[in-house]
Amino acid sequence: MSDKKHIDRLFQEKLKDFEVSPDDAVWDNIHDRLHNDKRKRRVLPIWWKVAGVAAIIALLLTVGINFFSNDSAIDNDNIIVDTENSSSGKSNTSIDENSTESQINSEEKGNSSKVANEEIDSNSESNFDEDGSNSNDFNRNRKYSNPKNSPQSSNTSVADNSNKNSNLKKNSETSDGLNVSSQKERFNSTTDAVTNSSKSNQELNNSENQKIDKAETDKLIKGLKNNPNSAVTNNASETSVESSSEEEKKENKDTQSIEDAIAEANNGEEEKDEKEKKLNRWNISPNVAPVYFNSLGKGSAIDQQFVDNTKQSEITMSYGVGGSYAINDRLKVRTGINKVDMGYRTNNVIAFGSIDLASNARVQMANVSMTASAENTAYMSTETLNTNASPEIINSKSKGSLDQRFGFIEVPLEVEYALVNKRFGINVIGGFSTLFVDENEIYSVVDGVQTRIGEANNINSMSYSANFGLGINYNVSEKIKVNVEPTFKYQINTFNNSSGDFQPYFIGIYTGLSYKF
Amino acid sequence: MSLEQLIEQCKKNDAKAQSQIYKLYASKLFSLSLKYSKNYAEAQDNLQDAFVTIFKKIDQYENKGSFEGWMKRITINTALQQYRSVGVFDIIGEEQIEDVSIEIDNDNIGVDYLLKIIQELPDRYRLVFNLYALDGYSHQEIADMLEISIGTSKSNLARARLILKEKIEHYKASSNSQSL
């Protein structure tokens with residue numbers, strides 16, 4: 001028996017507890033729609049952040065290094081001057097001496113200048129007595145000594161004094177003229193006085209220098225750079241005045257030799273400075289790399305049905321040129337431009353003319369724009385086919401594969417940090433690349449015949465990769481290095497629609513030479 | 001984790017919490033979608049759209065009233081939206097009929113068959129029948145939702161009932177004849 005019921009109630013009761021689970025794919029799609037947008041939007045900001053941080057670090061380092069290198073340059077100058085003073089051990093008037101307290105300087109200067117003045121007085125008297133042209137010589141010598149003194153005051157003073165000493169000795173030996181003995185005596189006394197004063201200056205310097213602030217030294221150095229010159233020129237002029245009492249020709253030769261000596265000394269100094277200051281910051285390195293492409297997860301960039309198919313990478317090539325700038329001896333910022341090709345093969349695919357099978361949405365590949373000639377061909381994964389249930393016509397097909405190839409122009413921006421910085425170096429590399437698509441093809445390979453069937457329509461024209469690498473290099477010479485850099489590049493935003501968990505990456509063994517300049 | 005906590009997490013677009021909510025309600029909302037749709041595929045599409053809307057608008061849910069009811073309304077609205085945009089509501093020529101009380105034997109009719117005949121109803125009959133008979137909306141509400149008159153709603157409901165009754169009786173007749 002059955003009781004009569006209102007039709008609405010019948011439906012209500014029957015359907016009350018009716019529940020059906022939807023396909024898992026529904027959730028996947030929902031998840032993708034909720035989080036894909038977010039991921040896409042995130043890509044840029046993350047890189048902006050990373051790039052921003054990198055830029056700030058680079059900026060701080062540059063500023064910091066410049067700051068410290070300026071300090072060290074001052075320190076170096078002081079050290080150089082000090083060592084010269086101690087090594088020459090003779091009558092040096094230098095920046096350092098003058099950076100001591102003015103009292104000491106003035107005292108010492110006073111002493112030496114008194115002596116010098118006496119000398120000049122006596123000499124000038126005798127010189128003028130002997131020959132009127134001596135005054136010209138005096139002037140000429142002065143002229144010579146001024147430019148000499150200007151670039152490296154300490155050096156010229158050394159050269160001047162030491163050379164003049166010997167010159168005068170020579171002169172006094174060769175000449176049997178008047179005032180020889182007295183000149184000798186006087187001159188000795190002057191040099192003694194000068195050496196004494198400078199020695200005492202040095203001693204004072206060493207103790208005083210430590211007390212003096214950097215800022216003070218800076219000021220003093222600037223202010224006093226001129227002072228030693230005057231002091232030195234005084235000395236030089238004294239001695240030249242004395243020597244000028246001797247033969248003019250010899251004088252000229254001597255001054256020339258002095259000039260040479262000064263020039264040499266200056267050159268040597270400059271070269272030293274250059275070596276110390278000029279780190280070869282720029283670097284250019286052509287490179288070539290075998291590239292292996294794969295996906296971290298199981299997925300397909302071509303179609304849902306190929307998610308489970310085995311994929312194998314083709315070994316392709318990347319080549320290009322990079323440049324780097326050394327922020328310091330360990331850290332480099334680098335960029336460049338590379339052409340990189342990638343390819344992989346999706347196995348276990350069968351191809352058949354769509355006439356074989358009524359046109360079915362299932363056999364169209366989601367992410368492929370087919371060429372006109374390939375439009376009538378359909379491709380299916382044999383992984384998803386049930387061999388028993390599928391028609392004979394499909395089972396009889398031989399298995400082929402789909403080869404997807406794409407190429408990018410890669411512009412990396414990376415930071416390289418040297419862990420080991422010897423003849424043999426090890427460094428770590430991190431950064432990112434921007435990839436611009438310049439090649440995009442899909443081929444089918446059936447029975448060994450390769451046919452271009454179209455191109456992927458889901459590759460973004462611009463995408464990114466996060467790069468991590470380990471570099472090993474060997475210095476062949478000062479300027480040339482051989483590099484090998486295995487680098488892992490995780491691609492971001494390459495495909496705008498891929499099936500399964502397709503997370504493409506590529507590994508390249510970047511090999512090349514780098515040239516410093 | 002309680003439902004409130006899950007909802008809070010969902011408001012932060014937390015994928016795990018979204019997955020939990022989905023697991024809890026997917027089958028209920030899917031059966032709802034099935035009744036409002038023509039077929040299984042359309043129901044899946046509708047469910048998908050509904051959940052995307054639910055998660056995107058979850059911050060508008062203010063813990064007033066049942067969360068399930070809120071999600072059901074979104075699911076139903078999603079289904080209606082689809083037809084509204086397609087503009088099917090004006091296709092059927094209108095001839096008002098009287099609301100009649102249709103009674104039917106409560107036999108063992110499979111729920112699958114009932115679902116099938118609901119899905120086979122013309123779009124608006126199906127929507128009106130679902131809204132009125134199964135989900136308890138008034139004719140006034142239905143008229144507003146579908147942008148039709150109350151009379152049309154009533155008429156559509158009556159027609160839907162007649163069609164369903166015919167189909168059930170036909171089904172019974174054929175199964176009886178088979179069993180004899």
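This passage goes through the confidence of a predicted two-chain model, the contact between its chains A and B, and a few side-chain pairs.

Some bookkeeping comes first. Residues are numbered from 1 along each chain as its sequence is written, and chains are lettered from A and ligands numbered from 1 in the order in which they are written. The model is predicted, with local features needing pLDDT of at least 70, side-chain atom pairs counting only at pLDDT 80 or more, and totals for chains, interfaces and linings using all residues, while side-chain values use heavy atoms and leave out hydrogens and water.

On confidence, the predictor hands the complex an ipTM of 0.85 and a pTM of 0.38. Chain B has a mean pLDDT of 83, with 87% of its residues at 70 or more; pLDDT is the predictor's confidence in each residue, from 0 to 100. Among the elements of chain B, the highest mean pLDDT, 91, goes to helix H6 (residues 123–134) and the lowest, 71, to strand E1 (residues 103–105). Helices (H or I, at least four residues) and strands (E, at least two) are DSSP runs, numbered from the N terminus.

Now for the interface. Chain A puts 28 residues in contact with 44 residues of chain B, contact being heavy atoms within 4.5 Å. About 3,500 Å² is buried between the two chains, and carbon and sulfur atoms give 62% of that; buried area is the accessible area (1.4 Å probe) that two parts lose on being put together, summed over both. Two salt bridges are counted between chain A and chain B, where a salt bridge is a side-chain nitrogen of Lys or Arg within 4 Å of a carboxyl oxygen of Asp or Glu. Asp8(A) pairs with Arg161(B) in a salt bridge, with 2.4 Å between the closest N and O atoms. On the chain A side, strand E1 (4–6), helix H1 (7–16) and helix H2 (24–88) each give two or more residues. H2(A) supplies the largest share, ten residues.

Over all chains, the structure holds 24 salt bridges. One of the side-chain pairs that meet this way is Arg9(A) with Glu13(A), at 3.0 Å from N to O. These two residues sit four apart in helix H1 of chain A, so about one helical turn separates Arg9(A) from Glu13(A).

Aromatic pairs number 20 over all chains; rings of Phe, Tyr and Trp (its six-membered ring) pair if their centres lie within 6.5 Å, with planes under 30 degrees apart counted as stacked, over 60 as edge-to-face and the rest as tilted. Phe30(B) and Tyr40(B) are edge-to-face because their planes are at 90°, with ring centres 5.3 Å apart. Phe30(B) belongs to helix H2 (residues 15–36) of chain B and Tyr40(B) to helix H3 (residues 40–56) of chain B, ten residues apart.
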